[in-house]
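Trainee: Could you take me through one part of this model in detail? I would like to follow a helix pair and what lies around it.

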Amino acid sequence: MGRQFPFRHYLLAVSLLFPGGVLGQATRLIANTSARQTVNLDGQWQAIVDPYDVGFLDYRARPLTNNNAFFKNYKPQSPSELVEYDFDTSGHLYVPGDWNTQRDSLFFYEGSVWYKRSFDYVKSPKERAFVHFGAANYKAFVYLNGEEIGRHEGGFTPFDFEITNQVRAKDNFLVVRVDDTRRSDQVPTVNTDWWNYGGITRPVSLVILPESFIQDYSIQLKKGSTEQITGWVQLNGLPLQQSVAIRIPEAGIEKTFKTDSRGHAEFSFNANLQLWSPESPKLYAVEIAGETDKVTDRIGFRSIAVQGTDILLNGKPVFLRGISLHEEAPTRPGRAWSEDDARTLLGWAKELGCNFVRLAHYPYDEAMLRMADQLGVLVWEEVPVYWMIEWENPQTLNNAETQLKEMISRDHNRASVIIYSVGNETPISEPRNRFIRQLIDDAHSADATRLVSAALQPTGAMQGDRTTLQINDPLGEAVDILGTNEYIGWYTGRPEDTDRTDWTSPFNKPLIMSEFGADALFGYHGASQTRWTEEYQENLYEHQIAMLKRIPFLRGMSPWVLKDFRSPRRTLPRFEDYFNRKGLVSDHGERKKAFLVLQKFYHDVQVQPPK
Ligand code: GCU
């Protein structure tokens, strides 16, 4: 093509393509796809790395629709025809997987990559077919057989598109353009302390369903109750009016309800069930059976509520012995996505003595939440409203709301999930307060059974030689549980300063100390005042724990962080090398000294819960 065009034109063109900013999802999320009839599309996909989006825009930055568009997967029809792309000779990338850890040349790459996967599927007449993505970071443009079928924005939530009328028996080609370019109006925005792993990072499948199928359902204990189940079922496709049975065979429960003309039924009934808790994570097989479709799920029943400064699990006060994580694989570089990854990471948390994890700072793969259900680990999950978001940009708000609703829609039957977090370390301002209050309301209206929190900003004052830190962030009024991050002894002051630090809050609510910590390079030893040593981190944890024990309204904590993780903000050679080293476990799975300090504290708390 030869003639280059100024890059900013390209960015402008891309933003014009999505006037709404947010990419609409073709269909409402299909619940529990792993329990449906599926065709797995994981494995090696052909891939074209396209830093200048030449497969998407022409040299005038106008969207391509002719055969030059990569989604056409076009082949030259004669030796003289010019076609400048070819999936068949462009190499492969694994799906699921981030591209950054699959090729050294893509380690720092941010931009577009085109993926192609061919498949055959003989659909029977009465079937409907959908393509389901666990997630793709950050924007995904999905095409089937040369036609666009949908777009999605947000790197950490699932999406599906119906392909019933597009799929053919043989030689389907599914093409996905994934663009993880960071932009200020996005969620998260341009600055994060985690790696911007790009790609189709979670499993992809074809989901085969009957003409009228069970789209979604919610079956949970009523808020504050331990014996009344409430819920709903939503059908998709005609006939919408059906009788639907809810069966919990092990508890001898079978209830039948009728869906209305919109395919919706609400229900409520009493049930004498063994309650789910970390000590006994009881899951029941639950069947939702309509006249044309049936789906089975494994659901735990527990109640979660706050009462003054207490958090009540099944009506009893609970202390959340937690740890924060990032969704990185435990024993290999890159994003985690599998059941094994989840089992290992949660296993390490349980080895620490945890009954709680904070899944920072974005929704994780569904496998993690289902594993938390199974292993009995309470969960704080979060949408990536992180640091400086464009608070006054309506598209950005719409985007954050969509990601929140997608997360809740996917996880509202998971007993382990007790807290939805709608922000992390966001600076106090009226536009920010309005933005996050809207998310808090959205979460409460989408799911009345769970608690809402955020990592809020504390303010502090010295009195004599003591410091009093106050959690008086105006959002403290709207959240159910206060969360706050503090880095006394790392970013501010010395570890010993915690000995002279007290905490107060005007809100009669429980506090979760959602982050504290220090960096340590595994195997680097020295005096406890020497930064980067294991001894410095160990000493900091000892002082932090002593301070936390003195906070009267503390009801949980999730220190930063379980494992060293990749961050583009961490450039210090030898000590960081693009890793945040605040892990209690190194990036090679080695336990640091502070791991034992926290483990001992959690053991003591189990023996003698704090008052
Ligand atoms: C912040 C932030 C984390 C970050 C951590 C750190 O509090 O929430 O995402 O990694 O501090 O600086 O290590």
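Mentor: What follows looks at the pairing of two helices and then at the core beside it. This is a predicted model, in which local features need pLDDT of at least 70 and side-chain atom pairs count only at pLDDT 80 or more, while totals for chains, interfaces and linings use all residues. Residues are numbered from 1 along each chain as its sequence is written, and side-chain values use heavy atoms, with hydrogens and water left out.

The pair consists of helix α4 (residues 394–411) and helix α5 (residues 430–446), which pack at an angle of about 25 degrees with their axes 10 Å apart. Helices here are DSSP runs of H or I with at least four residues, strands are runs of E with at least two, and both are numbered from the N terminus; the axes are lines fitted to C-alpha atoms, for helices over the stretch in contact, and angles run from 0 to 180 degrees between N-to-C directions. That angle makes α4 roughly parallel to α5, a label for angles under 35 degrees, with over 145 counting as roughly antiparallel, 65 to 115 as roughly perpendicular and the rest as oblique.

Contact means heavy atoms within 4.5 Å, and by that criterion Thr-396, Leu-397, Ala-400, Glu-401, Leu-404, Lys-405 and Ile-408 of α4 meet Phe-435, Gln-438, Leu-439, Asp-442, Ala-443 and Ala-446 of α5. The residues of this contact divide into 8 nonpolar, 2 polar and 3 charged, where Ala, Val, Leu, Ile, Met, Phe, Trp, Tyr, Cys and Pro count as nonpolar, Asp, Glu, Lys and Arg as charged, and the others, Gly among them, as polar.

Val-385 brings the two helices into a wider picture: leaving aside neighbours within four places in sequence, Val-385 is in contact with residues including Ala-400, Phe-435 and Leu-439, and also with Val-187, Trp-391 and Val-422. Together with Ile-323 and Leu-598, Val-385 touches the most other members of the largest nonpolar core, which has 82 residues. Such a core is a set of buried Ala, Val, Leu, Ile, Met, Phe, Trp, Tyr and Cys residues joined through side-chain atoms within 4.5 Å, buried meaning under 20% relative accessible area, exposed over 50% and partly exposed in between, with a 1.4 Å probe and protein chains only. The largest share of this core, 7 residues, comes from helix α7 (residues 593–607).

Val-187, one of the contacts of Val-385, is joined to Pro-188 by a cis peptide bond with omega of about 0 degrees. Pro-188 is found in the loop between β9 (172–179) and β10 (204–210).
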